[in-house]
Amino acid sequence: MTVERFDHYMNRCLYGGSGFYVSGAGVAGRRTGDFITSPEVGPLFGAVLARWIDDQWRSLGSPGSFVVIDAGTGPGTLLRSLERAGPACSAAWDLIGVDPANGTELPECLDGAVVIANELLDNLVVRILERKPSGWYEAWVEGASEVLLPLGSTDAARLPDAVAALAVGARVPWFDAAARWVDDVLQRGAAAVLAIDYGAATTAELVERGGWLRTYRQHQRGSDPYVAPGSVDITFDVAFDQLPHRPFLMRQADFLAKHGIGELVDDGRRHWSANAARPDLEAMLMRSRVAEGQALTDPSGLGSWIVAAWGTHESEE
């Protein structure tokens, strides 16, 4: 029986020919999907992000040509919300969606681009390590079981400090692919990168609380990635201190508040109050902002997601 390193197994299960995303089995969505992300809550999330994008555009001098990329776009829900929001920069932007599931890739040149990765990093392949008295071991897959094999000396030498500092007995996800993705995007010249995901600020915190591996199928959460490979999502809480170039971190609830979610919800209330007697589609959408705002900022749910920002002025404001 062949043995396969876990990250290779994960890649095959998610992005192989019959993988969870490539086959169309896996999709985000409130009713028929397997999981829900912030854009699927409703258009309010995109409306707030549109304000943030406008801020980035203005900080770049309001260029006449401006690239905005939704990385890991999935069914395109966020793109549609951004288009509907119609920020000031929309007359200049080239709005692009890319996704590893459908084989689309980032443009080679990202000079001046803004890149948004909402719940992308958790689905980039992960390596699983365990520290024993004799050194680091790595998870490999044999059939439907996990085996631990010694980590090669080359890989052991390049472990991020946050992982290398862990004590004997620690079991930890190594976000090697996510770190390389962030570095690549910045090296290609992106002006600003925004990554939003569930996880923890530090690897030590992630290890201490455990439960960092998740699977999803039809909104049911599991923890065994070896059950029905290819038919379930495999995902991980992200340890943000493993990502390069020291991003500025804040909770999603705080980020959305900073960029005007309260004002947009209040606008929705006023619009609904003025049109409740004869509501049209716009009035119904504005009414939904109250419930959307609560869901997006829920401190026990989406509001606790972490927003990581590179190349922005978040930490200076």
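**Reasoning about a predicted protein model**

Tutor: The protein carries 27 positive and 42 negative charges, and the mean positions of these two sets are 5 Å apart. Please keep in mind throughout our talk that this is a predicted model.

Student: What makes a residue count towards the 27 positive or the 42 negative charges?

Tutor: Lys and Arg are taken as positive, whereas Asp and Glu are taken as negative.

Student: How do you know whether the overall spread of the chain agrees with a compact globule?

Tutor: A compact globule of 317 residues would have a radius of gyration near 20 Å, and because the protein has 20 Å, the value agrees with that expectation. Along the principal axes, the C-alpha atoms fill a box of roughly 70 × 40 × 35 Å. The chain forms 12 helices and 16 strands, and 51% of its 317 residues count as buried.

Student: What share of the contacts joins residues 24 or more positions apart?

Tutor: Among contacts with a separation of 6 or more, such pairs account for 75%.

Student: Why is Ser81 called buried?

Tutor: The cut-off for buried is under 20% relative accessible area, and Ser81 has 8%, so the word applies. Ser81 belongs to helix H4, which covers residues 77–85, and beyond its neighbours within four places in sequence it is in contact with Gly42, Pro43 and Gly46.

Student: Why is Glu130 also called buried, and which residues does it touch?

Tutor: The relative accessible area of Glu130 is 18%, which is under the 20% limit, and therefore Glu130 counts as buried. Glu130 lies in strand E5 and, leaving out residues up to four places away in sequence, it touches Gly135, Trp136, Tyr137, Leu148, Ala170 and Arg171. Leu49, by contrast, is 81 residues from Glu130 in sequence, and their C-alpha atoms are 38 Å apart in space.

Student: What makes Pro247 buried, given that it sits in a loop?

Tutor: The word depends on relative accessible area, with under 20% as the limit, and Pro247 has 16%, so it counts as buried. The loop in question runs between strand E14 (238–239) and strand E15 (248–251). Apart from neighbours within four places in sequence, Pro247 is in contact with Ala308, Ala309 and Trp310, while its C-alpha atom is separated by 25 Å from that of Gly293, a residue 46 places away along the chain.

Student: How do you know that Arg12 and Glu4 form a salt bridge?

Tutor: A salt bridge requires a side-chain nitrogen of Lys or Arg within 4 Å of a carboxyl oxygen of Asp or Glu, and Arg12 and Glu4 meet at 2.8 Å, N to O, so the condition is satisfied. Side chains of opposite charge can pair when their charged atoms come close. With relative accessible areas of 43% for Arg12 and 22% for Glu4, both residues are partly exposed.

Student: Why is the pair of Arg51 and Glu263 said to tie together separate parts of the chain?

Tutor: Their side chains meet in a salt bridge at 3.2 Å, N to O. Arg51 lies in helix H3 (residues 44–59) and Glu263 in helix H10 (residues 261–275), so the pair ties together parts that are 212 residues apart in sequence.

Student: How many salt bridges are found in the whole structure, and which residues are joined into one network?

Tutor: The search finds 22 salt bridges. One of them links Asp184 and Arg188 at 2.7 Å, N to O. Through shared partners, salt bridges join Arg5, Asp7, Arg127, Glu138, Asp155, Arg158, Asp176 and Arg180 into one network.

Student: What makes the phi values of Glu119 and Ala228 worth pointing out?

Tutor: Most residues other than glycine have a negative phi. Glu119, however, has a positive phi of about 55°, and Ala228 has a positive phi near 50°. Glu119 is placed in the loop between strand E4 (114–118) and strand E5 (127–132), whereas Ala228 is found in the loop between strand E12 (220–222) and strand E13 (233–236).

Student: Which of the words buried, partly exposed or exposed fits Glu119, and which fits Ala228?

Tutor: Glu119 has a relative accessible area of 13%, which is under 20%, so it is buried. Ala228 has 34%, which falls between the limits of 20% and 50%, and therefore it is partly exposed.

Conventions: Residues numbered from 1 in each chain as written. Predicted model: local features only at pLDDT ≥ 70, side-chain atom pairs only at ≥ 80, totals over all residues. Heavy atoms only, no water. Helix = DSSP H or I, 4+ residues; strand = E, 2+ residues; numbered from the N terminus. Rg over C-alpha atoms; globule rule 2.2 N^0.38 Å. Buried < 20%, exposed > 50% of the residue type's maximum accessible area, 1.4 Å probe, protein only. Contact = heavy atoms within 4.5 Å. Charge placed at Lys NZ, Arg CZ, Asp CG, Glu CD.
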